[in-house]
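Here's a quick briefing to read alongside the model. Have the sequence and the 3D view open, and we'll go through it topic by topic.

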Amino acid sequence: RKFIPAGSPILAQVDALIGLLQAGDRWFETVEEAEEKLPKLETLFTSDPWKLKALIVMSFAPSYMQGATKVRNDDAEMAMMSHSQWKRRGKKSEPHKEKNKMELLLDEMVELGLP
């Protein structure tokens, strides 16, 4: 509320929404009395379809991706290429296994030529 200018229609909507959220703490004698004292939903929320569509589009805008699909040539040469030709070439590197203290000591003994 402190960021909304005093006397603006938005402030009235925020106050009405907070009042509606806290309405469970109030008791009314009749339904007519509750409808009279509680704010109407039509005053709190918009029913303008273009504004609602714009809000939906804006909510998904960060996850929107643009681009194009991959188009393949119809050449016979491209059709004959196998899947293995598309793979990355080169040797697969094996994960480096760290040596424990005993293996390091044995490697050092072999390097120094100790029995």
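Does D107 count as buried, partly exposed or exposed? At 30% relative accessibility, D107 comes out as partly exposed. Keep in mind that this is a predicted model. In outline, the protein has seven helices and zero strands, and 7% of its 115 residues count as buried.

**Overall picture**
- Going along the sequence, you get the pattern α-α-α-α-α-α-α, with zero strands anywhere in the protein.
- The protein exposes about 11900 Å², and carbon and sulfur atoms supply 60% of that area.
- As for burial, 7% of the 115 residues make the cut.

**Helix α7 and its two ends**
- Helix α7 takes in residues 101-112, which makes 12 residues.
- From first C-alpha to last, α7 reaches 17 Å, close to the 16 Å expected at 1.5 Å a residue.
- At the N-terminal end of α7, N100 acts as the cap: one of its side-chain oxygens lies 3.3 Å from the backbone nitrogen of M102.
- Just past the other end, G113 takes a positive phi of about 75 degrees.

**Salt bridges**
- How many salt bridges does a search of the whole structure find? The search turns up two.
- One of them joins the side chains of D107 and K99, at 2.4 Å from N to O.
- Both partners there are partly exposed: D107 has 30% relative accessibility, and K99 has 46%.
- The side chains of E33 and K37 also meet in a salt bridge, this time at 3.3 Å from N to O.
- E33 and K37 are separated by about one helical turn, because they sit four residues apart in helix α2 (residues 31-37).
- E33 is partly exposed too, with a relative accessible area of 23%.

**Rings**
- If you go looking for aromatic pairs, the structure holds zero.
- There is a charge over a ring, though: the charged end of K53 sits over the ring of W50, 4.7 Å from its centre.

**Two spots to click on**
- L41 belongs to helix α3, which covers residues 41-44.
- Is L41 buried or exposed? Neither, quite: at 48% relative accessibility it counts as partly exposed, as the cut-off for exposed is over 50%.
- L41 and A16 are 25 residues apart along the chain, and their C-alpha atoms are separated by 9.3 Å.
- I4 is found in the segment before α1 (9-21).
- At 23% relative accessibility, I4 counts as partly exposed; buried would need under 20%.
- Measuring C-alpha to C-alpha in the model, I4 and V14 are 9.3 Å apart in space, with their positions 10 residues apart in sequence.

Technical notes
Residues are numbered from 1 along each chain as its sequence is written. This is a predicted model: local features need pLDDT of at least 70, side-chain atom pairs count only at pLDDT 80 or more; totals for chains, interfaces and linings use all residues. Side-chain values use heavy atoms; hydrogens and water are left out. Helices (H or I, at least four residues) and strands (E, at least two) are DSSP runs, numbered from the N terminus. The expected span of a helix is 1.5 Å times one less than its number of residues. A polar contact is a pair of N or O atoms within 3.5 Å; within protein, one must be able to donate a hydrogen and the other to accept it, and residues adjacent in sequence count only if both atoms are side-chain atoms. Rings of Phe, Tyr and Trp (its six-membered ring) pair if their centres lie within 6.5 Å; planes under 30 degrees apart count as stacked, over 60 as edge-to-face and the rest as tilted. A charge sits over a ring if NZ of Lys or CZ of Arg is within 6 Å of the ring centre and within 35 degrees of the ring normal. A salt bridge is a side-chain nitrogen of Lys or Arg within 4 Å of a carboxyl oxygen of Asp or Glu. Buried means under 20% relative accessible area, exposed over 50%, partly exposed in between (1.4 Å probe, protein chains only). Accessible areas come from the Shrake-Rupley method with a 1.4 Å probe; for residues, only the protein chains shown count as cover.
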